[in-house]
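Please look at the strands and their pairing in the structure shown below. The report that follows takes up one strand with its partners, and then an open sheet.

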Amino acid sequence: MIINTEIDKKGNQFPLKVVSCNKEVDTFYFTTENKVVLQVTVLRNSILRFRYTTNINFEKDFSYAIDENASRGYNHLSTKETDEHYIITTSKLICQIQKSDLRVVIFDANDNTIICEDEFGFHWEENYEFGGDIVKMSKAAQEGESYYGLGDKPVNANLRGKKFENWVTDSYAFEKDSDPIYKAIPFYIGLHHKKAYGIFFDNTFRSYFDFCHEQRQVTSFWAQGGEMNYYFIYGPKMVDVVSRYSDLTGTPELPPLWTLGFHQCKWSYYPESKVKEVANKFRELQIPCDAIYLDIDYMEGFRCFTWNKEYFPNPKRMVKELADDGFKTVAIIDPGIKIDEDYNIYQEGIENDYFCKRADGPYMKGKVWPGECYFPDYTNPKVRKWWSGLFKELIEVIGVKGVWNDMNEPAVMEVPNKTFPNDVRHDYDGNPCSHRKAHNIYGMQMAKATYEGLKKYSHPNRPFVITRSAYSGTQRYTSTWTGDNIATWEHLWIANVQAQRMGLSGYSFAGSDIGGFAEQPTGELYTRWIQLGVFHPFCRAHSSGDHGEQEPWSFDDEVISIVRKFIEIRYQLLPYLYTAFWRYINEGVPILKSLFLFDQDDSQTHFRSDEFIFGEKILVCPILEQNATGRRMYIPKGKWYNYWNDEIIDGGKEMRVEADIDSMPIFIKEGAIIPKYPVQQYVGEKQIDELTLDVYYKNGKEKSELYEDANDGYDYKKGRFSLRNFNFVGKSNRLSIQQHKLGKFITSYNTFRIKLHGVPFKILNIYIDNEEFVFEDIKVNGDNTIIISKDFTNLNIVGE
């Protein structure tokens with residue numbers, strides 16, 4: 001509960017009795033005796049928006065988080081008034097507003113069970129220091145309720161009993177339970193009685209969340225300014241909550257396939273000869289890699305959009321030569337613009353008044369890597385347009401393929417709060433405000449401006465941007481990493497929970513600095529981190545040069561061999577991962593699924609943090625302890641194949657799984673059809689002449705998908721994609737696979753190599769589209785491998 005705050009000059013205030021109710025199409029206004037107004041908008045059958053004002057009038061309705069293409073509409077809406085309540089009903093929800101004090105209770109419309117209810121509900125406190133209100137909301141926790149989400153918090157999966165702050169912060173070498181850190185994603189999910197709902201508190205001021213920390217049965221959230229403005233999103237399936245939140249705040253466009261390969265980064269690779277040495281070593285050792293990164297030392301004096309001509313005398317030639325060997329170049333760009341009268345970017349910013357200013361007029365000055373800097377106001381559309389135009393030379397002329405935005409919290413050195421003072425002013429897209437309101441979205445708007453520049457100058461290819469700082473909705477523009485971590489076993493655990501939590505929070509394209517940014521990993525830790533990292537959507541090794549070399553060959557031959565083996569697994573699984581991205585982008589389904597998301601009805605999953613589902617069919621559990629030769633893990637309900645030996649495991653239990661240093665626990669869901677490419681050193685190295693489908697037998701039914709397109713460009717939006725739906729049916733002495741294809745894209749391969757796993761019978765007959773084939777015609781090998789045309793519609797395999 002949030003009765004106590006920093007300001008004691010006046011206590012909490014509460015809504016009084018409702019005196020009027022008005023309806024305008026899908027929006028209701030409830031006004032109280034003391035001029036509090038509650039606005040309830042029905043966005044969808046399962047999504048309600050709640051806004052409160054304490055002085056009759058609402059602020060201009062503006063949000064950086066909400067996607068303009070978010071779905072709206074409902075198939076049922078009715079209202080009812082009783083002596084004590086107003087009742088709004090959709091086909092999914094019943095929302096009951098108490099007349100005496102505006103408290104809200106939300107029920108499941110199907111069975112009238114309580115999903116979420118106010119404790120004190122909305123209340124507020126006047127902010128005498130800054131003006132406006134400190135806005136607060138308290139909810140009654142339900143019996144056995146668990147809480148999940150909130151972005152990159154480095155804590156156990158279940159948030160119950162904890163309290164958090166959202167204020168994006170440069171958090172070098174953060175630790176478990178550090179808070180706040182780099183991102184502010186004010187979205188959480190509640191789960192109780194096998195039903196899930198979500199709350200998105202769309203308020204960019206410094207905000208707080210208390211999940212039964214101060215009081216055991218009360219969950220609350222509040223902010224130091226702005227509106228009490230939140231969205232209630234019902235499932236009841238948790239995956240539907242995340243999907244609907246993702247629809248509300250948006251998903252990105254498909255990334256180019258190369259961005260899903262392995263990336264190598266360091267602070268810093270320079271001069272040019274060092275960059276090429278690293279690239280050549282990857283090819284020499286046959287360790288697949290698609291991208292190499294340039295940190296701040298490629299610049300002249302750390303000035304953005306410049307090149308150090310001593311280190312990189314001809315960057316265009318270097319970038320082309322790297323590209324000829326399959327390496328895409330990604331360069332860092334920070335927000336700080338060096339104060340230098342001879343620096344053209346600085347000159348343009350001054351001439352056009354593009355930099356942030358303090359309240360009394362001076363520019364916001366702060367020290368970062370170049371020394372004293374000014375900072376663009378990315379909340380100004382004119383500044384974003386200018387910034388996006390600055391990428392022309394870097395992208396269109398030199399040929400850099402991606403940009404990495406760092407230090408954009410914004411981070412400022414040598415000041416206690418690590419960032420701008422509160423009095424800095426921002427345009428906020430025509431809604432002028434202080435940094436108190438703009439801080440959490442500053443990095444988001446920098447990333448948006450960068451994305452718009454890359455989209456323009458990368459055309460006809462797709463852009464690739466990475467950001468460190470983020471607010472809800474940033475996923476529309478960029479991928480992200482989890483910040484400056486440490487080469488410790490604890491941080492390996494943190495990387496795992498953060499990637500899962502980011503996916504749960506609508507931000508799937510995420511990963512950690514593999515191996516740890518600060519300090520030096522042992523070969524064992526580096527190996528275990530690679531094993532985990534290849535199953536994260538963003539897969540990049542990164543380190544600080546202050547702590548020594550950290551490329552795969554910095555360790556012994558055994559490490560090199562194991563690293564190669566696991567990166568090759570990632571490259572084989574690229575069509576599977578690309579399909580998972582397609583589903584995330586189109587349906588909002590997270591690429592990584594914590595076990596409680598995968599099977600919320602199984603209470604054994606509610607406090608699990610280590611195991612996760614990669615895509616839809618692959619169960620992964622990293623080894624997180626030193627000298628371990630295996631571990632105990634929970635296997636979800638159902639049957640699962642051990643990836644390494646095809647042993648079939650009955651789930652719904654915890655068990656020990658052996659996993660020496662060259663292995664890790666990986667399981668495949670029975671009935672799954674897993675598409676695989678041949679190993680490549682980089683995406684596009686080989687023409688794919690044949691696609692492997694690993695088919696895992698199941699006595700029952702299972703559906704799988706395979707999405708493909710040109711791997712880059714926008715033709716997929718014109719229907720030039722290939723979406724194959726596979727329906728598997730297995731019986732005791734037969735199995736069938738039906739294929740249905742959508743889209744106009746024609747793949748380069750003509751055949752599938754179908755590898756059957758766990759078939760319990762000897763194959764006697766094979767029918768393709770109702771025509772029987774002899775074994776010689778379709779190449780049935782002794783290992784149950786069948787090569788057939790990619791265009792089949794029905795494959796039937798009959799046994800004894």
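## Strand β14 and its partners

From β14, Phe187, Ile189 and Leu191 point one way while Tyr188, Gly190 and His192 point the other way, and all are buried, where buried means under 20% relative accessible area, exposed over 50% and partly exposed in between, with a 1.4 Å probe and protein chains only. The model is predicted, so that local features need pLDDT of at least 70 and side-chain atom pairs count only at pLDDT 80 or more, whereas totals for chains, interfaces and linings use all residues. Residues are numbered from 1 along each chain as its sequence is written, and side-chain values use heavy atoms, with hydrogens and water left out.

Strands are DSSP runs (E, at least two residues), numbered from the N terminus, and two of them pair if DSSP finds at least two bridges between them. The pairs below are antiparallel.

| Strand pair | Bridges | Bridge partners |
|---|---|---|
| β11 (residues 146-149) and β14 | 4 bridges | Tyr148 and Ile189 |
| β14 and β15 (residues 195-201) | 6 bridges | Ile189 and Gly198 |
| β36 (residues 618-620) and β41 (residues 666-669) | 3 bridges | Leu619 and Phe667 |

In the hairpin of β14 and β15, which has 2 residues between the strands, His193 takes a positive phi near 50°.

## The open sheet

An open sheet of 6 strands, paired in the antiparallel sense, follows the order β34-β35-β36-β41-β38-β39. Because β34 (592-594) and β39 (648-650) stand at the edges with a single partner strand each, one side of each is left without a neighbour in the sheet.
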